Amino acid sequence: MWTADEIAQLCYAHYSVKLPKQGKPEPNREWTLLAAVVKIQSPANQVCDATDKEVPVTKEVVSMGTGTKCIGQSKMRKSGDILNDSHAEIIARRSFQRYLLHQLHLAAVLKEDSVFVPGTQRGLWKLRPDLSFVFFSSHTPCGDASIIPMLEFEEQPCCPVIRNWAINSPVEKSNNLEDSKNKRDCEDPGSSVAKKMRLGTPAMTLSNSIAHHETQESGSIKPDVSSSNLTKEELDTANGIAPGSFKVVDVYRTGAKCVPGETGDLRKPGAAYHQVGLLRVKPGRGDRTCSMSCSDKMARWNVLGCQGALLMHFLEEPIYLSAVVIGKCPYSQEAMRRALTGRCQEVLALPRGFGVPELKIEQSSLLFEQSRCAVQMQRADIPGRLVPCGAAISWSAVPEHPLDVTANGFPQGITKKEIGSPRARSRISKVELFRSFQKLLSSITEDKQPDSVRGPGLCMPLPTFRVGLPTAVKRSWKTSSWTCPEAGFPGDSNYNSSLVDNED
C-alpha cells in the first residue's frame, strides 16, 4: 500500500513547493512543526487489505499545517474569529475540515466528482469506499503521548534534552512549545544528561525531544515506579527490562496540566512523576490556556471522527483516519498507542456509526528539514538562541485562497484596529468555517437537506446567524469541544468562551 517514509517524503516535498516563504521559520534561527492529511486512493477492485500483496495506491496531500503556538485564556474571543490553538496538528485538521466542506459542495451542489458518494438517507453523504486518509506529523503530539521512559542508547541524539534549568524550582517542567523557559534555555550536547539520551529504534525510543526534566545527579538511582500507572511494558522498561538492556534514566515530562476534576500527577522522583492516560491542557506563557493537548484531541478524533460536529449533519458516518505517521524524532510506539487509542477502548454508548476503530501507527526515518533537530544541526556554531517560529500556515486543497498565514490567532499583518473585521479572520477560524457551512446549506434545496438542519433561521447572515438555530446545531457546537454545557453557544448572552476549547 504505502510506507511511512513515502508519506513523510510526500509531505516534506509539498511543504517545500506549495507553502510560501511567508510564515516559514527564519533560517538558522527558528524551527517549526509540520502536520498534514494525505488522501489514499486504492484501486477500485482492491479496496480491502485482505491480501498480503502490495497494491499500488495514489497519494495526495489535501491539507497541511505548521505551527507551535497556543493563545491564553484571556485572549479567547466570544465571536469565534481567533484561532485558539495553532499547533501544527490542529491547523492541519481544521484545514482538512475546509477541504471536506469544499468536497461536499462539489458533490451536493455542483454534482461533480468528489470524495463523497450519496448515502442511504436523504441529504446524507459518505466517503467513497476506495478512499482513506492518513495523518502525518513531523513530531509526536504533545500531552500523554510524550510521557514515556527515558532510555540509555549508544548513539548521540539529534536533539539532546534541555539543560536542568529548574532543579530547585517547584514549578512543573514543560515540553510544550509555548513555554518561555523552553525557548530561552538552549540544549547542551556536552552535559551529562545529554550524553545519557540516545535516539533509538521506533519500537521503543524517546518521546518529545524538548521535554523538561530533572536529572538524578548520581545517575545510579533506580526510578521509583511503585505508584505509577504506566503500562506493564513501560513498568518493565522502567525496572530495567528494556529492549537491548538499555538503562532507564527517567521519564520525559510534559508541562501540560491535568484538567480540573482529574487525578493529578504524583510528581515523585523518576518514572512515577506523571500519571499516564489523563486528559491535559496545554500550558501558556503565563496565561493559562483552555486548549487540550494534541494527544487528547487526536484521541477524540479517533472516536468522533475528524469532520467536526457541523459537517456531521451532512454525513452518514464519521470520517476516521486510517493511520498516523510520525516523522523522525524521539518516539515511543507504546506511548503513541496508549495516548491515541488505548485509553479510549472503554468508550461506550456512542451513536450509531461511531466507534473506536483500529488505527495504524508508524514512524518514518525521515527528518523534517525545519524541525528543531534539523535546524540545530545546520546552525552548528552560529550564535544566538534557537526559537520556535511564531507563525502558523494553513493549506487546503481548495480552488480559492488555499493558503492562510496567521500569528497569535489572527492573519499575519493584521493590526489591532482591524481585529473584529472580516479581514482579520483566519479562513479556518470557527466563524469562517461556520460561514462555509452556511453557504453550503443555503445552496441546497430544502427538499434535499438533511433532516437535522431543516429549520428556520439557520441561513441568516452573520452576525445574527445564531438566532433561531435548530437545537441540533447548537448542540453540535457545544459537544464538538472538550467543554461543558454551561459554556453556551457563541453569540448568546450566556456564552462563556473561557469554558470552551475551540472545535479542534
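**Salt bridges, helices and two asparagines**

I will start at Asn408, which sits in the loop between β17 (403-407) and β18 (410-411). Before going on, note that this is a predicted model. Asn408 has a positive phi of about 60°, although Asn408 is not a glycine. For context, most residues other than glycine have a negative phi. Is Asn408 buried or exposed? With a relative accessible area of 59%, Asn408 is exposed, because the cut-off for that label is over 50%.

There is another asparagine to mention here, Asn28. Its phi is near 65°, again a positive value in a residue other than glycine. Asn28 lies in the loop between α1 (4-18) and β1 (30-31). Its relative accessibility is 31%, so Asn28 counts as partly exposed.

Now the salt bridges. How many does a search of the whole structure find? The search gives 18. I will go through some of them.

Take Asp85 and Lys297. They form a salt bridge in which the closest N and O atoms are 2.7 Å apart. This pair links distant parts of the chain: Asp85 belongs to strand β5 (residues 85-87) and Lys297 to helix α6 (residues 294-304), with their positions 212 residues apart in the numbering. Asp85 has 0% relative accessibility and therefore counts as buried. Lys297 is also at 0%, so Lys297 counts as buried too.

Next, Arg122 and Asp451. Their closest N and O atoms are 2.3 Å apart, and the two form a salt bridge. Here too distant parts of the chain are linked, at 329 residues apart. Arg122 is in the loop between β6 (116-118) and β7 (125-127), while Asp451 is in the loop between α10 (430-442) and α11 (471-479). Which label does each partner get? Arg122, at 39% relative accessibility, counts as partly exposed. Asp451, at 55%, counts as exposed.

A further salt bridge joins the side chains of Arg425 and Glu432, at 3.2 Å from N to O. Arg425 is buried, with a relative accessible area of 17%. Glu432 is at 18% relative accessibility, and counts as buried because the cut-off is under 20%. Elsewhere, salt bridges that share partners join Glu26, Arg29 and Glu30 into one network.

Glu432 brings us to helix α10, where Glu432 is among the buried residues. The others listed as buried in α10 are Lys430, Val431, Leu433, Phe434, Phe437, Gln438, Leu440 and Leu441. How many residues does α10 have? The helix has 13, and from its first C-alpha to its last α10 reaches 18 Å, close to the 18 Å expected at 1.5 Å a residue.

Last item: how α6, the helix that holds Lys297, packs with α2. The axes of α2 (residues 88-108) and α6 come within 10 Å and cross at roughly 30°. Angles under 35 degrees count as roughly parallel, and α2 and α6 are therefore roughly parallel to each other. The crossing of α2 past α6 is left-handed. Which residues of α2 make the contact? They are Glu89, Ile90 and Arg93. On the α6 side, the contact is made by Cys294, Lys297, Met298, Arg300 and Trp301. Lys297 thus turns up in two places in this talk: as the salt-bridge partner of Asp85, and in the contact of α6 with α2.

How values were computed. Residues are numbered from 1 along each chain as its sequence is written. This is a predicted model: local features need pLDDT of at least 70, side-chain atom pairs count only at pLDDT 80 or more; totals for chains, interfaces and linings use all residues. Side-chain values use heavy atoms; hydrogens and water are left out. A salt bridge is a side-chain nitrogen of Lys or Arg within 4 Å of a carboxyl oxygen of Asp or Glu. Helices (H or I, at least four residues) and strands (E, at least two) are DSSP runs, numbered from the N terminus. Buried means under 20% relative accessible area, exposed over 50%, partly exposed in between (1.4 Å probe, protein chains only). The expected span of a helix is 1.5 Å times one less than its number of residues. Axes are lines fitted to C-alpha atoms, for helices over the stretch in contact, and angles run from 0 to 180 degrees between N-to-C directions. Angles under 35 degrees count as roughly parallel, over 145 as roughly antiparallel, 65 to 115 as roughly perpendicular and the rest as oblique. A crossing is left-handed if the near helix is turned anticlockwise from the far one by less than a right angle, and right-handed if clockwise. Contact means heavy atoms within 4.5 Å.
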